[in-house]
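User: Hi! Could you walk me through this structure, step by step?

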Amino acid sequence: MPEVVSYALDGDIAVITVDNPPVNALSLPVRRGLAACFERFAGDASAKAAVLICSGRTFIAGADITEFDKPIEEPWLPKVVHYIEDLAKPVVAAIHGTALGGGLETAMGCHYRVAVAAAQVGLPEVSLGLLPGATGTQRLPRLAGVEAALNAMISGRPMPAKVAHEKGVLDAIIDGDLKAGAVAFARDLVKAGKGPRKVREIALDAASLPAGFFSDYRKSIARETRGFFAPEQIIKCVEAAVSLPYDQAVKRENELFMQCMTSPQSRAQRHLFFAEREVSKVPDVPKDTALRPIHQVAVVGGGTMGGGIAMNFANVGIPVILKEINQEALDRGMAIIRGNYEGPVKKGRMSQEAMDKCMALITPTLDYKDLGNADLVIEAVFETMAVKEIVFKELDAVCKQGAILASNTSTLNVDEIAAFTRRPEDVIGLHFFAPANVMTLLEIVRGAKTSNEVIATSMALAKTIRKIGVLVRVCFGFVGNRMFFPYVREAQRMMLEGVPPERVDRVAFEWGMAMGPHGVSDLSGLDVFDKLNKEWKDKPNDPAYCRMIHALVEKGRLGQKSGAGIYKYEGRTPVPDPEVTALAKAEAERLGVQQVEVSDEEIIERLLFAMINEGALILDEGIAMRASDIDVVFCHGYGMPRHRGGPMKYADEVGLAKVVAAMEKYRARYGDLYWTPAPLLARLAKEGKTFNG
Ligand code: T1G
């Protein structure tokens with residue numbers, strides 16, 4: 001086993017190299033190795049300065065996240081960082097790849113920092129529900145300034161080397177070989193008689209900040225961080241940095257770090273971190289399965305979805321043909337795409353040149369024959385099986401052998417769609433989420449006959465277009481929508497029971513959802529839900545099921561797109577509508593639905609436990625491979641907050657026995673139809689286990 005940290009001399013410069021693939025995480029052996037090598041450097045009179053560098057693809061990418069649920073063993077990282085900083089000879093950190101979290105903290109414990117231009121540096125701990133716990137909250141403000149440091153730590157976004165250099169986090173950008181450049185930089189320090197420069201000695205003074213800085217900063221992030229524990233702790237650490245002596249402030253940082261690390265939110269976010277990497281592992285598809293090259297894509301249907309889907313490929317330089325049924329629809333489709341690009345260009349998030357390049361990669365056509373050479377065709381037409389049949393028969397006739405034929409269907413049976421062709425092994429579901437050019441989730445629906453090659457190619461393609469691809473099997477609504485239906489069902493039921501829609505939405509929003517169930521229904525279109533309910537063959541035998549959606553659609557209230565749905569709209573602002581309240585009351589009387597007083601806790605239980613129970617059924621049926629896959633679906637496709645970890649992780653944190661007990665309460669009130677605990681849930685609860693093992 002090679003040493004994870006090695007010591008060598010390049011003339012009078014010590015070169016300390018970390019070699020701990022895949023990302024040089026600061027595991028216990030690495031921390032021990034760093035301590036040993038820097039002690040050796042301290043005692044090596046022939047070494048006048050030292051360079052800390054890493055092998056492989058990146059500088060240290062952070063603490064070893066797999067160690068967080070175990071007792072942390074000495075030496076803790078802050079101790080290693082302070083040891084380096086207190087050395088009598090200068091140390092230069094040489095950065096490539098991504099110096100993140102503890103990696104940047106270690107680099108800031110060094111006296112100087114250099115990097116290649118392609119490197120990035122950052123403190124992304126907040127995305128794990130943590131804070132930089134190895135003096136990062138004290139050092140980054142000293143190097144980059146308080147506001148820039150707060151922005152970097154609250155967003156978790158890394159800085160490109162150029163920006164980091166401009167802000168003073170880096171001392172130089174190295175052209176050419178990093179190691180040679182860093183050694184030369186160290187040698188120049190020695191020549192110039194420049195010794196250690198301790199970041200902690202850079203003064204920080206609260207008086208230098210505008211009056212009310214921290215309270216204003218808190219207000220500026222309140223909405224985006226509502227219900228999220230870690231950001232406030234980061235702000236407290238920076239307040240300590242500007243108001244307390246360094247050692248006291250570091251002590252404060254450590255206290256707050258431990259509070260974050262032991263929080264359910266951090267457990268949830270660390271769970272998601274690994275879940276997002278687990279999704280690409282498909283047990284029954286060998287890792288070395290051949291991938292089909294995708295050089296030309298086609299999208300059939302240039303509506304909102306089709307346009308967004310086409311953009312995903314143009315954005316990564318893959319030419320895409322957009323096919324529509326007539327010129328008016330085609331022109332409208334191209335206009336949708338152009339409009340989607342013009343927004344970021346106007347906001348300065350995209351250059352006009354980049355937009356023009358993407359637009360040039362999208363070729364409109366009315367003729368199926370133009371799709372003959374496409375490697376992948378994605379159908380995004382009306383959500384009825386009748387229309388899918390027409391399209392897939394055409395595709396089967398014109399597409400070359402080996403072309404992958406995908407449907408963007410959000411609910412329909414991919415096996416039935418595959419049966420419209422003579423090549424069911426080449427048919428798969430690629431379910432994008434609106435807006436398709438923004439949402440990161442891609443549900444990949446394998447049919448019974450879909451080949452391993454098509455599955456493996458689709459999973460790889462998800463990464464190419466910067467999506468999280470989750471492989472699921474066929475059922476009505478697959479994983480996401482099938483679980484979202486009971487969530488909406490309960491919201492709808494409460495509407496009939498007299499619970500104001502705005503209250504249900506507020507409670508869901510405060511729990512962390514990006515938008516409440518009624519707001520989402522209006523945004524997606526009540527007619528879309530109504531049509532889905534009609535297509536759903538084994539819909540629950542319940543006359544009250546989503547009754548208000550149907551009643552509103554019958555009145556032409558389709559949601560945001562028609563200016564009124566569950567809410568009436570002043571622009572995009574939803575306003576409660578007494579007309580809807582009256583309609584709900586009348587429908588409730590007609591259906592014999594009792595009016596019910598509900599607590600906020602009940603609202604959350606009914607919304608989420610209905611969803612969780614469906615998730616347990618999905619796992620029982622093998623529609624999803626893992627509970628953690630379901631968590632990824634909801635955090636990437638349905639606006640569920642990462643600090644909840646997804647529905648199944650949330651259930652684990654609540655405790656499955658509690659979930660079952662709550663369900664039995666609702667079962668007593670509403671009967672077995674919706675509230676019978678799924679067999680898997682009942683068994684795990686009885687055995688004191690969790691969904692996520
Ligand atoms: N610890 C353990 N394993 C890690 C890891 C980490 N920090 N980072 C990545 N891996 C594994 C990952 O699970 C995967 O394993 C493989 O490496 C490749 O990762 C004290 C407390 C660096 C940008 O949050 O952002 O420091 O699936 O698929 O797409 O203040 O990994 O192959 O078995 O993501 O090229 C802070 C987390 C930690 C950075 C590379 N650092 N990592 O992306 O590869 S907390 C982070 C990333 C901390 C201190 C605090 C990315 C990457 P497997 P990958 P990638």
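Analyst: Happy to! Ala, Val, Leu, Ile, Met, Phe, Trp, Tyr, Cys and Pro count as nonpolar, Asp, Glu, Lys and Arg as charged, and the others, Gly among them, as polar. This is a predicted model, where local features need pLDDT of at least 70, side-chain atom pairs count only at pLDDT 80 or more, and totals for chains, interfaces and linings use all residues. Residues are numbered from 1 along each chain as its sequence is written, and side-chain values use heavy atoms, with hydrogens and water left out.

User: How do the residues of the shell around the ligand divide into nonpolar, polar and charged?

Analyst: A residue is near the ligand if one of its heavy atoms lies within 4 Å of it. There are 26 residues around the ligand, and Arg57, Ala63, Glu105, Glu125 and Arg277 come nearest. Sorted by type, the shell holds 15 nonpolar, 5 polar and 6 charged residues.

User: Which element gives the most to the shell around the ligand?

Analyst: Helices (H or I, at least four residues) and strands (E, at least two) are DSSP runs, numbered from the N terminus. At least two shell residues come from each of β5 (98-100), α3 (102-109) and α11 (264-278). The one that gives the most, with 3 residues, is α11.

User: How much of the ligand does the protein bury?

Analyst: Let's begin with polar contacts, which here pair N or O atoms within 3.5 Å. A polar side-chain atom of Glu105 lies 2.5 Å from a ligand oxygen atom, while for Glu125 the distance to an oxygen atom of the ligand is 2.8 Å. Accessible areas come from the Shrake-Rupley method with a 1.4 Å probe; for residues, only the protein chains shown count as cover. Alone, the ligand exposes 1000 Å², and the share of that buried by the protein is 72%.

User: What area do domain 1 and domain 3 bury between them?

Analyst: An automatic or database domain assignment gives the bounds: domain 1 (5-261), domain 2 (297-472) and domain 3 (480-622 + 626-687). In contact (heavy atoms within 4.5 Å) are 5 residues of domain 1 and 6 residues of domain 3. Buried area is the accessible area (1.4 Å probe) that two parts lose on being put together, summed over both. With 51% of it on carbon and sulfur atoms, the area buried between these two domains is about 450 Å².

User: Where is Pro22 placed?

Analyst: The peptide bond leading from Pro21 to Pro22 is cis, with omega near 5°. Pro22 sits in the loop between β2 (13-18) and α1 (28-43).

How values were computed:
A polar contact is a pair of N or O atoms within 3.5 Å; within protein, one must be able to donate a hydrogen and the other to accept it, and residues adjacent in sequence count only if both atoms are side-chain atoms.
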